[in-house]
2 protein chains.
Amino acid sequence: MSLQKIYELIDSKKQSYIERLHKAVSIPSVSADASLRPKVVEMADFIVSEFEKLGAKMEKRDIGSHVMNGVEVPLPPIVLGQYGNDPAKKTVLIYNHYDVQPAKKSDGWDSEPFELVVDEKDRMLGRGVTDDKGPLMGWIANLEAYKEAGVDFPVNLLMCFEGMEEYGSEGLDDLIVAEANRYFKKADCVCISDTYWLGTRKPVLTYGLRGVSYFNVTVEGPSADLHSGVFGGTVHEPMTDLIAVMASLVKPDGTILVPGIVDEVAPLTKDEDKLYDNIDYSMDDLKQAVGGEINVYDSPKDTLQHRWRYPTLSLHGIQGAFSESGAKTVIPAKVTGKFSIRTVPNMTAEHINKCVKEHVEKVFASLNSKNRVSVECLHSGSWWISSPFHWHYTIGAKAVKTVYGVEPDLVREGGSIPITLTFETALNKNVLLLSMGRGDDGAHSINEKLDVENYVNGIKLFATYVDELSKSELK
Amino acid sequence: MSLQKIYELIDSKKQSYIERLHKAVSIPSVSADASLRPKVVEMADFIVSEFEKLGAKMEKRDIGSHVMNGVEVPLPPIVLGQYGNDPAKKTVLIYNHYDVQPAKKSDGWDSEPFELVVDEKDRMLGRGVTDDKGPLMGWIANLEAYKEAGVDFPVNLLMCFEGMEEYGSEGLDDLIVAEANRYFKKADCVCISDTYWLGTRKPVLTYGLRGVSYFNVTVEGPSADLHSGVFGGTVHEPMTDLIAVMASLVKPDGTILVPGIVDEVAPLTKDEDKLYDNIDYSMDDLKQAVGGEINVYDSPKDTLQHRWRYPTLSLHGIQGAFSESGAKTVIPAKVTGKFSIRTVPNMTAEHINKCVKEHVEKVFASLNSKNRVSVECLHSGSWWISSPFHWHYTIGAKAVKTVYGVEPDLVREGGSIPITLTFETALNKNVLLLSMGRGDDGAHSINEKLDVENYVNGIKLFATYVDELSKSELK
């Protein structure tokens, strides 16, 4: 009965929720742009103020500074919060981030990225609407709805909001570890809303993420860039060597050529294979998402398994080579090839690093070049996997069923959210990834959007999730 | 006797020649920077004014405008000039360019690039000192020296100076062809000073240049950049395809892998081979020039033959891929690989284009990718070769011997000056490449320099060259 009342209230307040998100979007909290750092801090203040109005106890943790392009810049604070402290209630820790990806209208946006507009399809357009300001405003709306409906909030809430997610989550790992048995001590579980539906039709629960190991391979020889007319073909050219090395990493059909990499990949069991049988995903969904018929596999199952539970290797680019339009006849002196490997259970960063280093050095040696090669792992974040049958997921599924009338698809993501594993490991509690937006929202892309429908239903989902959590016997 | 008088006068006026070059360098006539186009025009005016002071008839030819980065920009004029019109004298057409490469102190210059300084080694540092303002000021000094010495200038001079050499020589080909039988009609030969000694010790005459064909290979598939976590390995990635194609073009030892490319290369004759025997060039010269021991060949002869008379293929870079520092996990939607082939007698652009296109398409087909590939030849300029035994070269050699006391090395260049061939073909006259600067001058590089000694001796060389030309019986 009380949930129904809250749903009605949420429906009636839709416009005010859009206005709050409008305000959040209008603060360009771009963490990758040092000149906008004050705006990231302004966004932290906005969140603190909104939660405090509802009676939450908030604090901003100063986590020092970092160096960007040679300049020391203060890090935005990590916002911690507590709402309710009743020993009789369960306690959930929620995580969101309040920074966003860069955006300029000239990138190809149809509207000003930092001014939320609602289009004729009832979609809110603006940087951060779905990643991750929509879900964050959704939690504020959830608290507000209970309060305005006169219904006691059914759980205690702990909060952790960061402003550096789009730029490497600097400082967050340390804070989580330090606060695991202090600020976060009473958490019974963790809920992260920073993922999306697989497609556009069906809600999901996400129980797995791939990890990522990012590599630089650098080949250098001459002391400065050379003129290809004068020296071309008479010296060992770093680009020629690097291209040969990069070509030795992966086949055009996606097969990873680095020996040993797949040795640690967990075999696919029949039970696991079955999980892929009824997922609402079609080859047409892939085609729509990528804008072309460029699929490597012919079935949704093969496609999703290679997205979620097999490793892949992508070549991203080359630093130091000519990269503009036109026709520069340069022999670059030092070039760095960039590639990453998406990792899955039970791969380990150590083994991956070893395999990559050995392979690159072996291939380079076979070139008989007089240049020098070096391999560097820029960063590695581990894969994460939970059980979709854990009680926390059962609760999540119930909440989805209540709001949407369907069982959610149990999915994994091909991308990586390293902080998920940190929460799980440091707190030793289950983490649920509860999505608000759809698979076509275009986080990180131009014309990022969040359907008003998903925003409103997402708020209802959060309201239902805490209600289900309070009624749960399991721990 | 009169030459000796001129030499003495040149020595005595050294400081004023440096000052004139200082003034020329201070005008940042960077043709590649649209915002500096007025400075290129200012440089044209400066040249016109200097030659007019000496009594030359000068004119500025308006050759219209061109489009740079989407903006229409007026082209700098081509400066034509005439000095003397005596039917009893021979007539030489000289060509130089008055524009320069871009330069910023922050690129790593030790001094302001547009302020000439003379260092403790008696080298003039500044953008354009050797390429090509030094030689151009050298011709002004040559005329001035004859005049001040009271010696009649021994030949008629025709002049053609362009302001777009560093940006594709737009409009010059057309003008040369149009004026071949008009303004340039009386030319008996052409002298271009826009090359350098091979090394640092010995003057040269340059009798050959390689051509260049520049290619873009584009692979595209998705309609926009994709996230490698979400789509990596499940779609055909343009970068993976492109890297495979680029790796199929050239071996790390410089061997070109495109079938058919070398079919048209003229066989090395014994006589030609002998020309390489006594050239003053060592493996240490190469090492010094490139800043490392990265030579492909072990002998100076093999090195020079691959620089001058064999084709080479260099990979320059990739447009559209990630090219910065850091770790962006992007699958670029459209990537363009850039490479060029340096061409030699008797290769033809048509055959090269055909071979490259066929090879790229065949390799791409073998990848079984669903992406699309396209090949484009951005530009092709032909190789050029003259006979080092032509009377014009004999005159040049005599002039060198008189000034430097040594026979010049007969060399070719690995680089390309397409306009050389245009002059030769349109006018049907011999072209002599007469160098002023040394091989380590660093044209196009930071800290571009011209030794004061080369500047002064270069002026004497020009003075001697016109004297020898006037005494020549041959035509």
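In chain A, Asn346(A) sits in the loop that runs between strand 15 (334–343) and helix 11 (349–366). The structure is a predicted model. The peptide bond leading into this residue from Pro345(A) is cis, and its omega is near 0 degrees.

A second cis peptide bond of chain A joins Asp131(A) and Asp132(A). Here omega is about 10 degrees. While Asn346(A) is a loop residue, Asp132(A) belongs to helix 4, which covers residues 129–149 of chain A.

The backbone at Asp122 deserves a look in each chain. Asp122(A) is not a glycine, yet its phi is positive, near 65 degrees. The residue is placed in the loop between strand 6 (117–118) and strand 7 (123–125) of chain A. Its relative accessibility is 38%, and because partly exposed covers values between 20% and 50%, Asp122(A) counts as partly exposed.

In chain B, Asp122(B) likewise has a positive phi, about 60 degrees, without being a glycine. Asp122(B) is found in the loop between strand 6 (117–118) and strand 7 (123–125) of chain B. With a relative accessibility of 37%, Asp122(B) also counts as partly exposed.

The relation between the chains can be stated for the copies as wholes. Chain A is superposed on chain B by a rotation of 180 degrees, with 0.1 Å of shift along the rotation axis and an RMSD of 0.1 Å. The two copies are therefore related as by a two-fold rotation axis. Both copies use the same surface, since 100% of the contact residues of chain A recur in chain B.

Within chain B, a pair of helices shows how packing is arranged. Helix 2 (residues 14–25) of chain B packs with helix 3 (residues 37–53) of chain B at an angle of about 155 degrees, and their axes are 10 Å apart. Angles over 145 degrees count as roughly antiparallel, so helix 2 of chain B is roughly antiparallel to helix 3 of chain B.

From helix 2 of chain B, the contact takes in Arg20(B), Lys23(B) and Ala24(B). Helix 3 of chain B contributes Met43(B), Phe46(B) and Glu50(B). By class, the residues of this contact between helix 2 of chain B and helix 3 of chain B are three nonpolar and three charged, with no polar ones.

How values were computed. Residues numbered from 1 in each chain as written. Chains lettered and ligands numbered in written order. Predicted model: local features only at pLDDT ≥ 70, side-chain atom pairs only at ≥ 80, totals over all residues. Heavy atoms only, no water. Helix = DSSP H or I, 4+ residues; strand = E, 2+ residues; numbered from the N terminus. Buried < 20%, exposed > 50% of the residue type's maximum accessible area, 1.4 Å probe, protein only. Least-squares fit on C-alpha atoms with pLDDT ≥ 70 in both. Contact = heavy atoms within 4.5 Å. Axes fitted to C-alpha atoms, helices over the stretch in contact; angles between N-to-C directions. Parallel < 35°, antiparallel > 145°, perpendicular 65-115°, else oblique. Nonpolar A, V, L, I, M, F, W, Y, C, P; charged D, E, K, R; others polar.
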